[in-house]
Every structure is written in C-alpha cells, then in structure tokens.
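Grab a pencil and work through a few short exercises on the protein shown here. Try each task yourself before you read the solution.

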Amino acid sequence: MKKKLIILLTLILVFTLAACAPSEEKPAEAPPQETTEEVTEDTPSESSDDLEKEFTLEELAKFNGKDGNKAYVAVDGYVYDVTDVPPWNGGEHNGYEAGKDLSEEIKTKSPHGPGKLEGVPIVGKLVE
Ligand code: HEM
C-alpha cells in the first residue's frame with residue numbers, strides 16, 4: 001500500500017513538473033521587412049503608395065499653391081510636392097508656376113537643373 005502511494009505521489013510530481021516547465025521559447029518574430037527598392041538616379045526614392053496616385057495635367061493644375069491648394073510640379077513623369085519648399089512660396093518660383101509639368105523648363109531654363117528636386121517629396125506620377 002505504501003509503495004503504491006509513493007508511486008502515485010511520484011507520478012503526480014512528474015506531471016506537475018511537466019506542466020509547469022516553461023514551454024519552448026520561440027524566437028521573437030522578426031518585424032515585417034520593408035521592401036528595399038533599389039534607388040537609382042532615374043527613380044528617386046518614393047514609397048510605392050505615392051506612386052499609386054496618378055495625375056493628369058488637368059488634375060495637376062489644381063495644385064497651383066494658391067487659395068490654400070498645395071503646390072505640385074511634375075518633372076520627368078513624377079509629381080513633386082513643393083508646398084514646403086521656400087523658393088516655391090505661393091506656388092511661384094522665378095516666373096514659373098506650380099500645377100504644371102516643368103520637365104523641360106527645369107532642364108533648359110533653370111541654372112540648377114533637376115538636382116534641386118532631391119529630397120522633395122514625390123506624391124505621384126503624371127499620366128496622359
Ligand atoms: C521645377 C521646375 C523649376 C524651374 C523651372 C526652376 C527655375 C529656376 C530659375 C529660372 C532660376 C534662376 C532665377 C534667377 O535667374 O535668378 C532658379 C533658381 C533657383 N531655384 Fe529653381 N526651378 C525649379 C525648381 C526648383 C526647386 C524644386 C527648387 C528647390 C527645391 C529650386 C530652388 C531654386 C533656388 C534655391 C534658386 C536660386 C539659385 C540657384 O540655386 O541656382 N528650384 N530656378
């Protein structure tokens with residue numbers, strides 16, 4: 001009888017220990033990796049969300065930086081938000097107006113060229 005009791009107690013002890021043992025630790029799940037798009041000179045950095053926005057020239061015209069509208073300019077198919085770019089205050093810059101495709105003008109008329117667009121946020125693409 002005593003032997004049975006010892007076996008029973010041992011079994012209870014084993015099960016209790018097994019139940020309390022810490023479960024196998026899972027390695028912390030790595031945060032979802034952001035897709036690292038290759039940035040080349042021709043494709044300025046932008047998030048894929050931004051590129052989903054498409055502007056026709058007509059839609060772009062609304063963003064002339066006037067009457068509370070944002071100031072956007074298109075260059076080489078990309079639409080840039082120049083609202084917070086000081087030289088573009090009020091949607092105007094050295095005789096040029098926002099809300100337009102200024103691809104040719106920035107290359108042929110400006111002394112600085114498209115390099116000035118580096119760091120300017122892209123808000124979408126220009127479509128026909
Ligand atoms: C998008 C089309 C653009 C056009 C057509 C354009 C055109 C011009 C022109 C014609 C000038 C010379 C003004 C003068 O003779 O005194 C100029 C100067 C200047 N622009 Fe632009 N610009 C453009 C975009 C930008 C952007 C996006 C920025 C800033 C982010 C910028 C910043 C400046 C600055 C700081 C100057 C002063 C002189 C210099 O740095 O060369 N421009 N721009």
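## Exercise 1: A pair across two strands

Let's start with one bridge: Tyr-80 has Ile-122 of E7 as its bridge partner.

Your task: find out how many bridges link strand E3 (residues 78-81) and strand E7 (residues 122-126), and in which sense the two strands pair.

Solution. Keep in mind that this is a predicted model. Step one is to look at the pairing as a whole: E3 and E7 are joined by three bridges, in the antiparallel sense. Step two is to look around Tyr-80. Beyond four places in sequence, Tyr-80 has contacts with Tyr-72, Val-73, Val-75, Leu-117, Val-120, Pro-121 and Ile-122. So the bridge partner Ile-122 turns up in the contact list too, if you apply the cut-off of C-beta atoms within 7 Å.

## Exercise 2: Build the sheet

Your task: work out in what order the five strands of the open sheet stand, and which strands are at its edges.

Solution. Go pair by pair.

- E2 and E3 pair in the antiparallel sense, over four bridges. One of the matches is Ala-74 with Val-79 of E3.
- The hairpin of E2 and E3 has two residues between the strands, and Asp-76 takes a positive phi near 50° there.
- E2 and E6 pair in the parallel sense, over two bridges. Here Val-73 has Lys-100 of E6 as its bridge partner.

Now put the strands in a row: the order is E1-E7-E3-E2-E6, and the pairing is mixed. E1 and strand E6 (100-101) are the edge strands; each has a single partner strand, so one side of each lacks a neighbour in the sheet.

To place the sheet in the whole chain, read the elements from the N terminus: α-α-β-α-β-β-β-β-β-α-β. That comes to four helices and seven strands.

## Exercise 3: What is in the core?

Your task: say which element gives the most residues to the largest nonpolar core.

Solution. Begin with the members. The core holds 18 residues, and those that touch the most other members are Tyr-72, Val-73, Ala-74, Val-79 and Tyr-80. The elements that supply two or more residues are E2, E3 and E7. E2 gives the most, with four residues.

Then check which way the side chains of E2 go. Tyr-72 and Ala-74 point one way, Val-73 and Val-75 point the other way, and all are buried. This fits a general pattern: side chains in a regular strand alternate between the two faces of the sheet.

For the wider picture, 18% of the 128 residues in the protein count as buried. Among contacts with a separation of 6 or more, 65% are between residues 24 or more positions apart.

## Exercise 4: Around the ligand

Your task: list which residues come nearest to the ligand, and sort the shell by class.

Solution. The shell has 18 residues, and the nearest are Leu-102, Glu-105, Ile-106, Ser-110 and Lys-116. Strand E2 (72-75) and helix H4 (103-108) are the elements that give two or more residues to the shell. Sorted by class, there are eleven nonpolar, four polar and three charged residues.

## Exercise 5: Loop residues

Your task: decide whether Asp-67, Asn-94 and Lys-53 are buried, exposed or partly exposed.

Solution. Count C-beta neighbours inside 10 Å.

- Asp-67 has 7, so Asp-67 counts as exposed. Its place is the loop between helix H3 (57-60) and E2, and its phi is positive, about 50°, although Asp-67 is not a glycine.
- Asn-94 has 10, so Asn-94 counts as exposed. Asn-94 is in the loop between strand E4 (92-93) and strand E5 (96-97). It also has a positive phi of about 50° without being a glycine.
- Lys-53 has 13, so Lys-53 counts as partly exposed. Lys-53 sits in the loop between helix H2 (48-52) and strand E1 (54-55), and beyond four places in sequence it is in contact with Val-123 and Gly-124.

Why bother with phi? Because most residues other than glycine have a negative phi.

## Exercise 6: How far to trust it

Your task: find where the pLDDT is below 50.

Solution. First, the average: the protein has a mean pLDDT of 78, and 61% of the residues score at least 70. Next, the weak stretches: the pLDDT is below 50 over residues 5-20 and also over residues 23-27. Each of these stretches has zero contacts in the model beyond near neighbours in sequence.

Terms used
Residues are numbered from 1 along each chain as its sequence is written. This is a predicted model: local features need pLDDT of at least 70, side-chain atom pairs count only at pLDDT 80 or more; totals for chains, interfaces and linings use all residues. A residue is buried if 20 or more other C-beta atoms lie within 10 Å of its own, exposed if 12 or fewer, and partly exposed in between; C-beta atoms are placed from the backbone. Two residues are in contact if their C-beta atoms, placed from the backbone, lie within 7 Å. A residue is near a molecule or strand if its C-beta atom, placed from the backbone, lies within 6 Å of it. Ala, Val, Leu, Ile, Met, Phe, Trp, Tyr, Cys and Pro count as nonpolar, Asp, Glu, Lys and Arg as charged, and the others, Gly among them, as polar. Two strands pair if DSSP finds at least two bridges between them. A nonpolar core is a set of buried Ala, Val, Leu, Ile, Met, Phe, Trp, Tyr and Cys residues joined through C-beta atoms within 7 Å. pLDDT is the predictor's confidence in each residue, from 0 to 100.
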